[in-house]
Amino acid sequence: GAPPPGAARRPVPPPVKLARYLAALGYGTRKEAEALLAAGRVTTGDGRVLREGDAAPHEAIRVDGAPLDPPPGSVIALHKPAGYTTSTTDPGAVVYDLLPPRFRARDPLIAPVGRLDRDTTGLLLLTDDGALNHRLASPKRHLPKTYEVTLAEPLRGDEGALFASGTLLLHGETTPLAPATLDVLDERRVRLVLTEGRYHQVKRMFGATGNRVTALHRAAVGPVTLGDLAAGAWRVLGVDEVQALREGVARR
Ligand code: URA
């Protein structure tokens, strides 16, 4: 279900060129956006028809009566179900299939922050703020990511100490993993907090202990949690959450 666009956000300044603005938000080519304006399909919430050259804040603009998609600079939280690839182009189901079709046509694109494996569920952030995306994905910023892991075999007992040691070397790698925190939920279920995001990291960490991950779910990225977001649903992060994310990856 789509959240109310613009909920709990600061007002976005009025676009200067409406057609260009609408095209950048994925409402069509520049020509198609000009045609929307010429046809009187772009209005304010109180029904005033907007033409190229008119000024109205993002929150006030409607296309065919519907509020605009989230403004530039938004961060989206998606609850990724299993079976979807974190990609725009893969054959088969991709995470963009869960978002409004216009999201794929935006420029800049609302791009995923890192990747979750096809069979991994849980919190995937997406943003069209390229600089923020880069910082969120950077292993140097040590943004904690919380995973709930289900294992094929019972824990052997030393996993917490091994993962916390900062000395675990994954097969084929030359830099040991940064320390990670393990909480045991039961003998086959753990919560694991990582500050990196290496390829298939959680699966390879448990592979290194002779175990196998049978289900993997990301519950949180930094200060952002899934909350009660249903599988397949998404929401626009509020101002406070985006601010907390930015602070989490600010250079210290
Ligand atoms: N670690 C994995 O192995 N897979 C993911 O999707 C995320 C972290």
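This is a short conversation between a student and a tutor about a predicted model of a protein chain with a ligand.

Student: What makes up the protein chain, in helices and strands?

Tutor: The chain has 6 helices and 12 strands. Of its 252 residues, 44% count as buried.

Student: Why is strand E10 called largely enclosed?

Tutor: Let's set the count against the cut-off. A residue is buried when its relative accessible area is under 20%. In E10, residues 213-221, 7 of the 9 residues are buried, so the rest of the structure largely encloses this strand.

Student: How do you know that E7 and E10 pair?

Tutor: Pairing asks for at least two bridges between two strands. E7 and E10 have 7 bridges, in the antiparallel sense, so they count as paired. One residue to look for is Lys145, which stands opposite Val221 in E10.

Student: And what makes E6 and E10 a pair?

Tutor: E6 and E10 share 2 bridges, and the cut-off is at least two, so they qualify. Their sense is parallel. Here Thr121 stands opposite His217 in E10.

Student: Which strand forms a hairpin with E10?

Tutor: That is E11, with 2 residues between the two strands. E10 and E11 pair in the antiparallel sense over 2 bridges, and Val221 has Val224 as its bridge partner in E11. In the turn, Gly222 has a positive phi of about 55 degrees.

Student: Now helix H3. Which of its residues are buried?

Tutor: In H3, residues 130-137, they are Leu132, Asn133 and Leu136.

Student: How do you know that they are on the same side of H3?

Tutor: They cover an arc of only 100 degrees around the axis, which puts them on the same side. On the other side, Gly130 and His134 are exposed. The buried residues pack against strands E4, E5, E6 and E7 and helix H6.

Student: What makes the approach of Asp129 to Ala131 a polar contact?

Tutor: A polar contact needs N or O atoms within 3.5 Å. At the start of H3, a side-chain oxygen of Asp129 reaches to within 3.2 Å of the backbone nitrogen of Ala131, so the distance meets that cut-off.

Student: Which distances would you check for the ligand?

Tutor: A ligand nitrogen is 2.7 Å from an N or O atom in the side chain of Asp117. A ligand oxygen is 2.9 Å from an N or O atom in the side chain of Thr120. Another check is a ligand nitrogen 3.1 Å from a polar backbone atom of Val202. The protein covers 95% of the 230 Å² of accessible area that the ligand has on its own.

Definitions and conventions:
Residues numbered from 1 in each chain as written. Predicted model: local features only at pLDDT ≥ 70, side-chain atom pairs only at ≥ 80, totals over all residues. Heavy atoms only, no water. Buried < 20%, exposed > 50% of the residue type's maximum accessible area, 1.4 Å probe, protein only. Helix = DSSP H or I, 4+ residues; strand = E, 2+ residues; numbered from the N terminus. Arc of directions from axis to C-beta. Contact = heavy atoms within 4.5 Å. Polar contact = N/O pair within 3.5 Å; in protein donor to acceptor, adjacent residues only side chain to side chain. Areas by Shrake-Rupley, 256 points an atom, 1.4 Å probe, with all protein chains shown as cover.
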